[in-house]
Amino acid sequence: MFTFLCHVSPIAVPELPEVERAAGLLRTALVGRTIASVSTLHRSAARYLPASVADTLASCVVTRVERRAKYQLLHLDDGRVIEVHFKMTGDWAIGPASLPAPALERVRLVTTDGTRVSLVDGRAFAVMRVHAANASFLPPLGPEPLDAAWSGDLLRAALSRKRGPIKPALLDQRVVAGLGNIYAAEALWEAAIHPNARANRLSLARVTRLAAAARLVLERAPNARYYGHRSADDGHAYAIGDGADEQWCVYDREGEACRRCDGRIRRVEQAGRSTYYCGRCQRA
Ligand SMILES: [Zn+2]
């Protein structure tokens, strides 16, 4: 089990653009629809969504699907909210209920008009649970990097209390919500900032460039990444692919040439996470 968890090549962990895409698929499939049934098909999913709770979702209408950081929130007409977090390998498989069930199905939601939304999850770490109306359950979250209001000024204010290196600071969800390990590394490369640069020492000009770079890598992702690609074409719509076509500038490119300066891409461990950067053109 332990060796299985220590993967050699990176897996396609859902990051913010994938979760945004997943929420979009869910919106199309579920908003305005009535839930016929929800079934928990795996003990890992039953820890969060026991059958006694899943059964109470029948006949609820999904009124709205919201994304906040990497959380997907399904608002129901009785005020309750279904929280979903994909964690490592979660995804939706969406299709007509008449299709054969997708592989690795953990939770199955079927609407009264015959759409099946399955939470599929190889490692079974994903969370799907129900919260009471008006419950407060999200952790403290900073601004959304894709919001038009987010700026270098806001980022610099959030970084002012961060005396450590910039890369782990960018992963603090209170600094910016949902930026994730891959895109933090890619944004730092775009902005030519070394991952070890002191977070609260960066000039406003560099932080402004970093905020723009974060937005750029997140907005570019839907075209550059691998959405909808699955080695098994089973007729379902998926939000996240198999990761085969990823095109990164630094992530997972240790030892390769920098696309900007031909320098060597390096890898270091920071706060327990791999960070990739160009040793030549990213400056502290
Ligand atoms: Zn370089």
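This text walks through a predicted model, taking a four-stranded sheet, the helix lying on it, a hairpin and one further helix in turn.

The sheet is open and has four strands, ordered β2-β3-β4-β8, with antiparallel pairing. Strands β2 (62-68) and β8 (127-131) stand at its edges; each has a single partner strand, so one side of each is left without a neighbour in the sheet. From one strand to the next, the twist averages 20°. Strands of a sheet pair through backbone hydrogen bonds, in either a parallel or an antiparallel manner.

Within this sheet, β3 (residues 71-76) and β4 (residues 81-85) run antiparallel and are joined by five bridges. Leu 74 has Ile 82 of β4 standing opposite. Helix α2 (residues 16-30) lies across β2 and β3, and the helix runs at about 175° to β2.

Another antiparallel pair is formed by β10 (residues 265-270) and β11 (residues 273-278), with six bridges between them. Val 268 has Thr 275 in β11 as its bridge partner. The two strands make a hairpin with two residues between them, and Ala 271 in the turn has a positive phi of about 50°.

The last element is helix α5. How are the buried residues of α5 arranged around the axis? Helix α5 (residues 152-159) has Leu 155, Ala 158 and Leu 159 as its buried residues. These residues lie on the same side of α5, because they cover an arc of only 95° around the axis. Asp 153 and Ala 157, on the other side of α5, are exposed.

Terms used: Residues are numbered from 1 along each chain as its sequence is written. This is a predicted model: local features need pLDDT of at least 70, side-chain atom pairs count only at pLDDT 80 or more; totals for chains, interfaces and linings use all residues. Two strands pair if DSSP finds at least two bridges between them. Axes are lines fitted to C-alpha atoms, for helices over the stretch in contact, and angles run from 0 to 180 degrees between N-to-C directions. Two residues are in contact if their C-beta atoms, placed from the backbone, lie within 7 Å. A residue is buried if 20 or more other C-beta atoms lie within 10 Å of its own, exposed if 12 or fewer, and partly exposed in between; C-beta atoms are placed from the backbone. The arc is that of the directions from the helix axis to the C-beta atoms.
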